[in-house]
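Hi,

Here is the structure I promised to pass on. Have a look first, and my notes follow below.

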Amino acid sequence: RGSSEGLNYAPNGTLNVPLAVQNGNKTYKVVAIGSRALAGSDNLKSIVLPSSVTKIGSSAFENCIFLSEVTLPGSNTVIAEDAFKGCSALSSVKFGTDWTYIDFTPFGYCRSLEKVNIPSKVKKVAGITALGSVRKITVDESNPYFITVSGMLFDKTCSELVYCPVDCPRDLVIPDGTVSIRRGALSGCRYVENVYLPSSLEV
């Protein structure tokens with residue numbers, strides 16, 4: 001056994017999980033990363049999962065302290081809330097172009113994650129208030145559901161403020177035309193002292 005509780009070896013550097021594995025004469029499609037499968041893999045720096053993976057189990061990557069990059073090319077993978085707990089070096093999470101829903105909750109433990117990008121087909125995001133270290137949010141220019149304005153994440157019509165990253169200015173001006181502010185949208189604004197609300201805001 002290596003340092004990972006779920007493996008009989010310790011992955012080193014970049015790990016490309018195959019689309020399928022063979023056991024004897026049978027081939028099995030890889031559809032999940034099991035609970036604690038890679039937990040404690042001290043030498044794992046990046047991992048690329050196949051598009052076939054639809055589930056990442058509890059503590060799957062817990063305490064992979066040097067894991068800095070995760071690539072998720074599939075779509076709408078269900079990720080356990082503590083899957084990346086203790087991944088203090090994780091700074092890049094790449095979602096595939098077919099994702100339509102992203103729950104950011106599992107990445108709330110990743111204090112090095114300062115940038116996130118929302119792909120073109122994503123129409124719903126959840127758990128974004130967990131991203132307490134994110135300084136920049138970008139949205140694929142072809143996404144019809146979200147847009148960034150002055151660094152802030154809005155719905156495409158700019159009527160709902162979804163989230164403000166931590167680097168918002170001390171005097172935060174919510175643009176005119178904003179009708180609603182999502183609960184917790186300002187929770188990451190560490191340096192804001194004054195918030196100026198538009199007359200368009202509905203109470």
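Starting with the sheet: strand 14 and strand 15 (residues 152-155) run antiparallel and are joined by 4 bridges. Val149 sits opposite Met152 of strand 15. They belong to an open, mixed sheet of 4 strands, ordered 14-15-16-18. Its edges are strand 14 (146-149) and strand 18 (180-181), each pairing on one side only. (Strands are DSSP E runs of at least two residues, numbered from the N terminus; two of them pair if DSSP finds at least two bridges between them.)

A word on the basis: this is a predicted model, where local features need pLDDT of at least 70 and side-chain atom pairs count only at pLDDT 80 or more, while totals for chains, interfaces and linings use all residues. Residues are numbered from 1 along each chain as its sequence is written, and side-chain values use heavy atoms, leaving out hydrogens and water.

On to the packing. The largest nonpolar core (buried Ala, Val, Leu, Ile, Met, Phe, Trp, Tyr and Cys joined through side-chain atoms within 4.5 Å; buried is under 20% relative accessible area, exposed over 50%, partly exposed in between, with a 1.4 Å probe and protein chains only) has 44 residues, and Phe107 is among those with the most contacts inside it. A second, separate core of 9 residues includes Phe154, Leu161, Cys164 and Cys168.

And the cysteines? There are 0 disulfides (sulfur pairs within 2.5 Å). Cys168 is buried at 6%, but its sulfur is 4.1 Å from the closest one, in Cys164, so too far for a bond.

Cheers
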